[in-house]
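Student: Could you take a close look at one part of this structure with me? I would like to see how its strands are arranged, and then how the surroundings fit in.

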Amino acid sequence: VNNATICAGQSATLTATPSASGGTYLWNTGASTQSITVSPGSTTSYSVVYTLNGCASLSVSGTVTVNPLPTLSVNNATICAGQSATLTATPNLPGGTYLWLTGGETTPTITVSPALSAVYPVLYTLNGCASNQANAILTVNPLPNAIVQSDVVLGCSPLVVNFTADITNQVATYQWSTNNGG
């Protein structure tokens, strides 16, 4: 009987190969076919007895090894236009390989500097089992436009400055500086 290795949730086919054909099979699952397809939740051995001309073989077995599916999480980030961000993929099980689908990078961490908001999908594979795709979301906030209009009155009157900021639905802070330190 062959052995098989699968990822959690998959199935495997085990086949008994006798030295002489024409007999009957009896698996510990109750199946009576030469091959069985199984989907164990954990590593499991399956045995079969082959009977030919009234003579039964010794019980032989095949093992289905079940590798766990890795899970993967990634961080999201928010930057201002022109900045860069570091995105990190964190698996629940170490020792696998990474693949960032947008650039083909194979490291757990990438640094990106997009002009616009973007999604960075990544996969993680361990022992032939791939995680679900995880998506890092990078939000790029545009730089605000600030327009300063000044009306300067000479003499004893104070300087009047009208400030208009072109921002929509955002909270902004302002920092003023003047040549005379005021």
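Tutor: Let's begin with an open sheet of three strands in this predicted model. Its order is β8-β10-β12, and the pairing is antiparallel. β8 (72-74) and β12 (109-112) are the edge strands; each has a single partner strand, so one side of each has no neighbour in the sheet. On average, neighbouring strands here are turned by 20° against each other, ignoring direction. If you are wondering what holds such strands side by side, strands of a sheet pair through backbone hydrogen bonds, either parallel or antiparallel.

Now zoom in on one pairing. β8 meets strand β10 (residues 85-91) over three bridges, in the antiparallel sense. Find serine 73 and look across: threonine 90 in β10 stands opposite.

Another antiparallel pair is worth a visit. Strand β3 (residues 24-27) is joined to strand β5 (residues 44-52) by four bridges. Tyrosine 25 has tyrosine 50 of β5 as its bridge partner. The side chains along β3 alternate: Tyr25 and Trp27 point to one face and are buried, whereas Thr24 and Leu26 point to the other face and are not buried.

Next, go to asparagine 67, which sits in strand β7 (residues 60-67). Its relative accessibility is 14%, and because buried means under 20%, asparagine 67 counts as buried. The side chain of asparagine 67 reaches the backbone oxygen of asparagine 127 at 3.5 Å. Leaving aside residues up to four places away in sequence, asparagine 67 touches Thr5, Ile6, Cys7, Ala8, Asn127 and Cys129.

Two names in that list lead us to the next stop: cysteine 7 and cysteine 129 are joined by a disulfide, with the sulfurs 2.0 Å apart. The link is left-handed, with -100° about the S-S bond. Cysteine 7 belongs to strand β1 (residues 4-7) and cysteine 129 to strand β14 (residues 129-130), so the pair ties together parts that are 122 residues apart in sequence. Both cysteine 7 and cysteine 129 are buried.

The count of disulfides comes to one, but you can still look at two other cysteines. Cysteine 55 counts as exposed, because its relative accessibility is 54% and the exposed class is over 50%. Cysteine 80, with a relative accessible area of 33%, is partly exposed.

Conventions. Residues are numbered from 1 along each chain as its sequence is written. This is a predicted model: local features need pLDDT of at least 70, side-chain atom pairs count only at pLDDT 80 or more; totals for chains, interfaces and linings use all residues. Side-chain values use heavy atoms; hydrogens and water are left out. Buried means under 20% relative accessible area, exposed over 50%, partly exposed in between (1.4 Å probe, protein chains only). Helices (H or I, at least four residues) and strands (E, at least two) are DSSP runs, numbered from the N terminus. Two strands pair if DSSP finds at least two bridges between them. Axes are lines fitted to C-alpha atoms, for helices over the stretch in contact, and angles run from 0 to 180 degrees between N-to-C directions. A polar contact is a pair of N or O atoms within 3.5 Å; within protein, one must be able to donate a hydrogen and the other to accept it, and residues adjacent in sequence count only if both atoms are side-chain atoms. Contact means heavy atoms within 4.5 Å. A disulfide is a pair of cysteine sulfur atoms within 2.5 Å.
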